[in-house]
Amino acid sequence: MLGVGILIPILPQLLGVPGSQYFLLDPSKADLGLIYLGLLTASYPLAIFFASPVLGALSDKYGRRPILLISILGTALSYIVFGIAIVLKNIPLLFISRIMDGVTGGNIAVAQAAVADTTELKDRVRVFGIMGAIWGIGFVLGPYIGGKLTNSELVPWFSSSTPFFFAAILSLLNVISIFYYFKETNHTRQTERKIDFFGAIKNITKARNYGSLRNLFLVSFIFNAGFTFFTSFFNVYVSRKFGFTANDVGNFFGFVGICIIFAQLVVVPIISRRFPDWKTLKWAYLFAAIGLALTLFANTPLALYALI
């Protein structure tokens with residue numbers, strides 16, 4: 001998650017902000033750059049969508065450890081390819097890198113399966129909560145670090161490709177740690193398990209069989225789609241409106257992450273003790289919508305931070 005967060009400040013600067021020193025296209029092709037940015041942003045989760053069930057099935061069949069090793073090594077290679085693509089200003093290579101990372105980045109599902117293997121049912125909610133908190137910390141630190149790694153005022157040789165090579169190093173350290181310290185957790189191999197490359201689509205179609213949860217799935221989808229619009233393109237907006245650099249965007253999303261962690265650790269426990277879940281969810285979605293809309297009326301960076 002640290003590696004994913006590191007990329008947030010720099011991706012829009014490459015294709016969505018013509019005034020950026022890191023813009024890879026001719027400034028006259030700014031509109032085309034936004035289309036490229038949207039497709040590039042979408043290519044990664046789309047690849048994860050199809051790859052996650054496949055990697056999960058492979059880990060059921062062959063074990064968690066080898067799949068984690070191979071997939072995280074693939075993630076490291078994808079970051080290296082992306083850094084090279086920036087240096088060469090090669091747009092197709094950017095897409096190849098993100099799809100490669102998406103195909104191998106479905107390893108989060110395998111990591112969750114490993115946790116489930118080694119955790120009693122009664123403890124899983126608590127343990128997955130800890131994982132969620134760790135991912136949140138990665139989201140906080142990632143954009144901040146990514147912004148700093150592009151700042152040539154800090155270190156002269158820092159550039160737009162530096163965060164990607166740094167993310168590759170993190171992934172390689174991850175591979176080494178798994179190789180030496182991670183013990184296989186899947187001791188009941190499903191050797192007859194078939195690999196279904198369209199498992200993700202079938203899983204979505206099964207969602208309609210869950211009765212009253214169907215509406216919750218739809219609401220969750222709509223909210224996450226909206227929040228992804230925010231994380232993917234709001235940095236383009238603030239870069240164009242306030243002249244934010246990659247470093248400024250990193251600071252901004254680091255602050256967003258701190259607010260999210262504060263809400264999770266302080267606000268949510270207080271609210272959940274006083275109100276039922278469904279009422280909390282209803283009002284949380286409403287205020288999230290109002291809050292995001294209000295950010296468009298901020299005329300100064302200080303006002304923007306206050307609204308966030």
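1. Is S160 buried or exposed? S160 is buried, because its relative accessible area is 8%, where buried means under 20% relative accessible area, exposed means over 50%, and partly exposed covers what lies in between, with a 1.4 Å probe and protein chains only. S160 sits in the loop between α7 and α8, and, once neighbours within four places in sequence are set aside, it is in contact with I10, L14, Y22, I86 and T150; contact here means heavy atoms within 4.5 Å.

2. On the basis of the model: this is a predicted model, in which local features need pLDDT of at least 70 and side-chain atom pairs count only at pLDDT 80 or more, whereas totals for chains, interfaces and linings use all residues. Residues are numbered from 1 along each chain as its sequence is written, and side-chain values use heavy atoms, with hydrogens and water left out.

3. On the overall make-up: the chain has 13 helices and 0 strands, so that its pattern along the sequence reads α-α-α-α-α-α-α-α-α-α-α-α-α, given that helices (H or I, at least four residues) and strands (E, at least two) are DSSP runs numbered from the N terminus.

4. On overall dimensions: for 308 residues a compact globule would have a radius of gyration near 19 Å, and the chain, with 20 Å, agrees with this; the radius is taken over C-alpha atoms, and the globule rule is 2.2 Å times the number of residues to the power 0.38. Taken along the principal axes, the box filled by the C-alpha atoms is roughly 55 × 50 × 35 Å.

5. On burial, contacts and surface: buried residues make up 38% of the 308 residues in the chain, and, of the contacts with a separation of 6 or more, 74% are between residues 24 or more positions apart. The accessible surface of the chain comes to about 17400 Å², with 70% of it belonging to carbon and sulfur atoms; these areas come from the Shrake-Rupley method with a 1.4 Å probe, and for residues only the protein chains shown count as cover.

6. On charge: the chain carries 24 positive and 13 negative side chains, and the centres of the two sets lie 6 Å apart. In this count Lys and Arg are positive and Asp and Glu negative, while His and the chain ends are not counted; the place of a charge is taken as NZ of Lys, CZ of Arg, CG of Asp or CD of Glu.

7. On the loop before α8: S161, like S160, lies in the loop between α7 and α8, and S161 counts as buried because its relative accessibility is 8%. Leaving aside neighbours within four places in sequence, S161 is in contact with G83, I86 and V87, while its C-alpha atom is separated by 23 Å from that of F255, 94 residues apart along the chain.

8. On helix α8: this helix, residues 162-181, has 20 residues and reaches 28 Å from its first C-alpha to its last, close to the 28 Å expected at 1.5 Å a residue, the expected span being 1.5 Å times one less than the number of residues. Its buried residues are T162, P163, F164, A167, A168, S171, V175 and I178, and they pack against α1 (2-7), α2 (11-15), α4 and α7 (124-149).

9. On helix α5: with 15 residues, α5 reaches 21 Å from its first C-alpha to its last, close to the 21 Å expected at 1.5 Å a residue. The residues I91, L94, F95, S97, R98, D101, G102, T104 and G105 of α5 are buried, and the buried residues of this helix pack against α1, α2, α3 (30-62), α4 and α6 (107-117).

10. On two residues in other helices: S78 is found in helix α4 and counts as buried because its relative accessibility is 1%; not counting residues up to four places away in sequence, S78 touches S97, M100 and D101. Y44, in helix α3, is buried with a relative accessible area of 15%, and, leaving aside neighbours within four places in sequence, Y44 is in contact with V4, R98, D101 and G102.

11. On a backbone feature worth a look: K89 has a positive phi of about 55 degrees although it is not a glycine. K89 is placed in the loop between α4 (64-88) and α5 (91-105), and K89 is exposed, with a relative accessible area of 53%.
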